[in-house]
Amino acid sequence: GLGGVVLGEHPAGLGLGIILFIISGWVLLLFIWPIAGIFLPDLLSKGDGPQRIARLDALETWTRSLAGLIFGSSIGLEQTLTASLQSAPDEIKPQVTALVARLNARWPTRDALEAFAADFDDPTADLIVMHLLLKERASGPGLATALEDLAEIIFEEVRVRRSIETDRAKPRTQIRIVTVALLVILAGLPFFGSYTAAYASFLGQALLAFWLALFAGLLYWMRSISKGRSAPRLLVAPAITEGAAA
């Protein structure tokens, strides 16, 4: 439950709340700091945008690698995918390793590629897989050229996403500054003398709790806007299990 999370995972917040309560007598502080310890990591985090962009950039490099492996050779798609593992960027190494393992386990190529797309949960990764599925039986320079063209599309997608992520980072930075400033003020609030003495009463504590809850809700609303929404996937396939047979 919530109490277990507070006591077990955020002892620093609970300890600070107890200390401030003993010093000031404000019961509200006994609860605010442990709760803050639960939600602060999400408010102060940068989100998963940079990681997603890094993986997308790695996919672009991997796609170019596939084109290079195919160009001038007669090997099939499955052999090309297996050979690409050695030069796969670290950001997508686990996903490519899983793809090769499925192929080695004699998964149908289509199922293995659909599972590969599901690992990324990203429409651009879906685009790569859809392209490979369309070219599943093709080989040679035609496929290599198509993959090079696809890599250029991904490169442009990475550029656009980086620009968007830079714009989204600005309000996230502001939220972090406001949050830290609020916590500093809150810690010192009981010690401002007669200016905040009214909040020491039961009614004052209740009103302060209400305003803090409202302010926290506004911060989370701003946070949700800065995160944006993930684009819907292009490739929605039935669930594939690791026990799929060839």
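Two residues are in contact when heavy atoms of one lie within 4.5 Å of heavy atoms of the other. Keep that in mind for the first stop.

**Whole chain**

Start with everything selected. This is a predicted model. Take the contacts between residues at least 6 apart in sequence: 71% of them join residues at least 24 apart. Now colour by secondary structure. The protein chain has 10 helices and zero strands. Read from the N terminus, the order of elements is α-α-α-α-α-α-α-α-α-α.

Switch on the surface. The accessible area of the protein chain is about 13800 Å². Carbon and sulfur atoms account for 66% of that area. The chain has 246 residues, and 35% of them are buried.

**The largest core**

Hide the surface. Select L59, W62 and L81. These residues have the most contacts inside the largest nonpolar core, which holds 35 residues. Which helices each supply at least two residues of this core? Select them one by one:

- α4, residues 49–70
- α5, residues 77–83
- α6, residues 93–104
- α7, residues 109–120
- α8, residues 123–134
- α9, residues 141–188

The largest share is that of α4, with eight residues. In soluble globular proteins, nonpolar side chains tend to be buried together.

Zoom in on W62. Set aside the residues up to four places away in sequence. What does W62 touch? Its partners are L81, S84, A88, P89, I92, V96, L99, F116 and I128.

**Where α6 meets α7**

Two packed helices are described by the angle between their axes and the distance between the axes. Show α6 and α7 alone. They pack at an angle of about 160°, and their axes are 9 Å apart. Angles over 145 degrees count as roughly antiparallel, so α6 is roughly antiparallel to α7. The crossing of α6 past α7 is right-handed.

Add side chains. On α6, the contact is made by Q95, V96, A98, L99, R102 and L103. On α7, the contact residues are T109, A112, L113, A115, F116, D119 and F120. Three of these names should be familiar: V96, L99 and F116 also touch W62.

**Two loop residues**

Go to R106. This residue sits in the loop between α6 and α7. Its phi is near 65°, a positive value in a residue other than glycine. Is R106 buried or exposed? Its relative accessibility is 64%, so R106 counts as exposed.

Move on to D121, in the loop between α7 and α8. Here too phi is positive in a residue other than glycine, near 50°. The relative accessible area of D121 is 42%, so this residue is partly exposed.

**The other core**

Bring back the whole chain and return to the largest core, with its 35 residues. Apart from that core lies another, of 12 residues. Its members include L28, L29, L208 and L212.

Finish on L212. This residue lies in helix α10, residues 202–227. Its relative accessibility is 18%, and the cut-off for buried is under 20%, so L212 counts as buried. Which residues are in contact with L212, leaving aside its neighbours within four places in sequence? Select L28, I32, L182 and L186 to see them.

Now draw a distance from L212 to L186. The two are 26 residues apart in sequence. From C-alpha to C-alpha, they are 9.7 Å apart in space.

Notes
Residues numbered from 1 in each chain as written. Predicted model: local features only at pLDDT ≥ 70, side-chain atom pairs only at ≥ 80, totals over all residues. Heavy atoms only, no water. Core = buried A, V, L, I, M, F, W, Y, C linked by side-chain atoms within 4.5 Å. Buried < 20%, exposed > 50% of the residue type's maximum accessible area, 1.4 Å probe, protein only. Helix = DSSP H or I, 4+ residues; strand = E, 2+ residues; numbered from the N terminus. Areas by Shrake-Rupley, 256 points an atom, 1.4 Å probe, with all protein chains shown as cover. Axes fitted to C-alpha atoms, helices over the stretch in contact; angles between N-to-C directions. Parallel < 35°, antiparallel > 145°, perpendicular 65-115°, else oblique. Left-handed = near helix turned anticlockwise from the far one by under 90°.
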